[in-house]
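Please examine the sequence and the three-dimensional model shown here. The paragraphs below it are intended to be read alongside it.

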Amino acid sequence: MPACAGPQAPGAAPETPATGLLLTGGGARAAYQVGVLEAIADLRRVCGAGRQANPFPIITGTSAGAINAAALASGADHFDRAVQRMARVWRQIHAAQVYGADSLSVMRSGARWLTLMSLGWALARWRRMRPRSLLDNAPLERLLVRMVPLARLPRLIRKGHLRALAVSASSYSSGEHVTFFESAEPMQPWVRSQRKAMPDRITHQHLLASSAIPFIFPAKGLTVDGHTEYFGDGSMRQSAPMAPAIHLGAERILVIGAGRMHEPRDDTGASPAAGYPTLAQMAGHALSSIFLDALAVDVERMQRINQTLALIPEERRRHSALRPIELLVIAPSQRLDAMAARHVGDLPAPIRTMLGALGVSANMADVRGAALASYLLFEAGYTQELMALGRADTLAMRSQVCRFFGWSDSGAAIPARHRGSAANA
């Protein structure tokens with residue numbers, strides 16, 4: 001059963017449970033995760049739990065969460081410093097650092113796609129008229145070189161700062177969901193229905209593949225079993241987001257989401273929008289299904305398994321391979337679509353124009369149309385607001401966070417952080 005870990009050896013001294021971190025996907029929404037990590041670093045400091053040791057020996061991520069996961073793993077020898085480096089990038093980010101946002105780049109990718117939609121798919125018989133994606137994310141590779149020093153990873157694993165890193169991607173070629181992992185100990189890859197794991201040296205190409213949002217960013221070719229397969233966003237077909245951390249030995253898992261686990265029907269009380277939905281609304285709805293639904297289902301499944309195991313007498317559980325997984329979920333307390341609606345105007349003009357053709361409006365009241373933009377808004381105003389929300393949500397759960405890690409909360413006040421800086425105020 002994938003939601004359970006193996007038993008502790010009889011007579012062994014109690015050990016700190018192996019803690020796993022799961023960072024989910026969501027494009028620009030992943031800035032929220034960095035705010036959560038900043039708050040955890042601050043809480044750990046005031047609780048006297050040390051500054052350098054890595055609290056997450058097992059780190060897993062998908063899509064933009066894979067990028068954050070790899071950045072954190074690459075600094076596993078100094079957790080606080082790694083979080084600060086990530087925060088600096090996310091606080092100063094601009095769309096042009098992630099995808100081509102100038103007029104020429106948009107014409108080469110998005111405008112070509114829109115042209116096909118308006119003039120007819122017959123034009124696609126010319127290969128030069130077959131766009132691969134709505135946007136070109138070539139700039140992202142340059143950002144990854146600066147943000148994610150993966151060359152450090154083997155040494156950090158060898159020295160015991162990290163037990164394992166795993167990132168997931170979805171193969172367009174085979175239809176399988178693949179988790180690539182790099183670990184301290186040789187592990188037998190796991191295989192489940194339509195998903196499997198592979199030991200591999202994690203590279204920036206794996207991160208580009210994992211974060212290739214379908215239709216929006218181009219697929220990436222990766223070598224699998226001696227041949228090339230093309231991969232897209234790891235959130236696609238991800239039926240069990242927590243499984244990699246469990247397979248890699250996590251006994252407790254912190255999950256940081258990129259959207260509310262249970263969205264209310266409407267925060268404003270307004271009636272559903274009349275009329276046919278725009279392409280932006282449909283695309284936003286589809287992306288939310290890809291990025292959010294599987295996690296909510298997996299968390300509910302884990303909670304049910306834990307409840308079932310609690311009904312089994314401890315004596316019987318002690319002689320089995322089953323053990324409950326402690327779980328803490330931190331997810332946005334506010335609708336990120338509504339936050340994005342306030343920042344659509346921050347996007348470069350060519351991107352606003354292209355998204356406008358799909359139905360995304362700069363009108364702050366158009367929350368439904370902003371769903372698509374919420375994944376593409378790599379602009380500092382939006383990401384800083386997301387980070388502030390992640391920090392606030394985590395500090396609101398201070399007692400739960402400290403209990404999860406086994407920290408003794410001193411009750412000391414935590415200094416505020418300036419929105420534009422990664423340092424303490």
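The following account moves from the whole chain to one helix and then to one loop residue.

The model is predicted. Its protein chain contains 16 helices and 10 strands. Of the 425 residues in the chain, 53% are buried. The chain exposes about 18600 Å², and carbon and sulfur atoms supply 54% of that area. Among contacts between residues at least 6 apart in sequence, 76% join residues at least 24 apart.

Helix α16, which spans residues 398–405, may now be considered. Which of its residues are buried? They are Arg398, Val401, Cys402, Phe404 and Phe405. Seen down the axis of α16, these buried residues fall within an arc of 160 degrees, and they therefore line one face of the helix. A general property of helices is useful here: an α-helix has 3.6 residues a turn, so residues three or four places apart point the same way. The cover over the buried residues of α16 includes the strands β1 (19–23), β9 (252–256) and β10 (326–330), together with the helices α1 (31–46) and α15 (380–396). Just after α16 comes Gly406, which takes a positive phi of about 75 degrees.

Attention may then turn to Ser235, in the loop between β8 (227–232) and α9 (243–247). Is this loop residue, Ser235, buried or exposed? Ser235 has a relative accessible area of 5%; because a residue counts as buried when this value is under 20%, Ser235 is buried. Leaving aside neighbours within four places in sequence, Ser235 is in contact with Gly25, Thr62, Ser63, Ile290 and Phe291.

Notes:
Residues numbered from 1 in each chain as written. Predicted model: local features only at pLDDT ≥ 70, side-chain atom pairs only at ≥ 80, totals over all residues. Heavy atoms only, no water. Buried < 20%, exposed > 50% of the residue type's maximum accessible area, 1.4 Å probe, protein only. Helix = DSSP H or I, 4+ residues; strand = E, 2+ residues; numbered from the N terminus. Arc of directions from axis to C-beta. Contact = heavy atoms within 4.5 Å. Areas by Shrake-Rupley, 256 points an atom, 1.4 Å probe, with all protein chains shown as cover.
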